Amino acid sequence: MTSPDHAFRVDLTPTPSSFHRWWRIDNNYGPGFWYVTFNGDTPAEIVAGLTDALIRPEPDEPAPSVIEVLTGRGWEHATSETGSQRLTSPDAIVQVELYVSPSLGVMGWEIEAAHHHGEHGPEQRVWRAYLDASTPAHLLAAVAEAISNPTPVLRARFKINDSVQLTQGPEFAIGSEVVSAHKQRLAEARRHRPRPHLTTAVAAPALPRTAAPARPAR
């Protein structure tokens, strides 16, 4: 999909493994090129956090940083000697890292959700995302808001895993709730959709009227 002004592009390329990159979103190789990727298991609410931000007008005020958003919601923050930043969710499931290479500089944001983050990296990965270092600040903030949003999500019965870190609410029919939420998001997207350019039709000049020939008298 390409935005009406050709400024953004969204690619969905499913693969046999949902852990591979499925989603790629970028600024269509425009100035200050940036891109973001999500694997196939990334929750839809997180991908939508970015795509919804693309639809809305860019805010006039500076967006909060990823660190400000996450630490404001109780995430643990650590900085390495090289300047890399790591943030860990309160339940220790998600880690967000801004990796800084001593030779190449800032490499971008990596987000990984796993059942356990050990000394040698994540174990039993759940989903993964990558945000290029040049990604605009308001889009980074939108993703940070999405991954730290405490609002419960709706899932079908067989889409729920057996993680001990998962808190389940009461079971109820969610069909109407899902449809309603989807319609609300579509309405919000359409509200920000660019209006078509209207043109004013120019009336053709009036032709001179000619008198009809007189009818012969009978």
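Where is the place of S89 in this protein? S89 sits in the loop between β5 (85-88) and β6 (94-101). Keep that loop in mind as we walk through the model, which is a predicted one.

Let's start with the overall layout. The protein has four helices and eight strands. Read from the N terminus, the order of elements is β-β-β-α-α-β-β-β-β-β-α-α. Of the 218 residues in the protein, 29% are buried. The surface comes to about 15,500 Å² of exposed area, and 56% of that is supplied by carbon and sulfur atoms. As for how the chain meets itself, take the contacts with a separation of 6 or more: residues 24 or more positions apart account for 37% of them.

Now back to S89. With a relative accessible area of 7%, S89 falls under the 20% limit, so this loop residue counts as buried. The side chain of S89 reaches the backbone nitrogen of I93 at 3.2 Å. If you set aside the neighbours within four places in sequence, S89 is in contact with W75 and V94.

Next, find V36 in strand β3 (residues 35-39). Is V36 buried or exposed? V36 is buried, because its relative accessibility is 0%. Leaving out neighbours within four places in sequence, the contacts of V36 are W23, R24, I25, L50, Y130, L131 and T135. A good pair to pick out on your screen is V36 and D132: they are 96 residues apart along the chain, yet their C-alpha atoms are separated by 6.0 Å.

L131, one of the contacts of V36, also takes us to the next stop, as L131 is among the residues that line the largest cavity. Rolling a probe the size of a water molecule over the atoms shows where empty space is left. The structure holds one cavity of 30 Å³ or more, and the volume of the largest cavity is about 50 Å³.

Which residues line the largest cavity? They are V66, V96, W109, I111, L131, L140, V143, A144 and I147. Two elements, β7 (105-118) and α3 (137-147), each give two or more residues to this lining. The largest share, four residues, comes from α3. How do the residues of the lining divide into nonpolar, polar and charged? Nine are nonpolar, and there are no polar and no charged residues among them.

To retrace the walk, you can go from S89 in its loop between β5 and β6, to V36 in strand β3, and on to the lining of the largest cavity, where L131 is one of the residues.

Technical notes
Residues numbered from 1 in each chain as written. Predicted model: local features only at pLDDT ≥ 70, side-chain atom pairs only at ≥ 80, totals over all residues. Heavy atoms only, no water. 1 Å grid on protein atoms, 1.4 Å probe; cavity = no way out; pocket = protein on both sides within 12 Å on 5 of 7 lines; lining within 4 Å. Points joined across faces, edges and corners; volume = space filled by probe spheres on them. Nonpolar A, V, L, I, M, F, W, Y, C, P; charged D, E, K, R; others polar. Buried < 20%, exposed > 50% of the residue type's maximum accessible area, 1.4 Å probe, protein only. Contact = heavy atoms within 4.5 Å. Areas by Shrake-Rupley, 256 points an atom, 1.4 Å probe, with all protein chains shown as cover. Polar contact = N/O pair within 3.5 Å; in protein donor to acceptor, adjacent residues only side chain to side chain.
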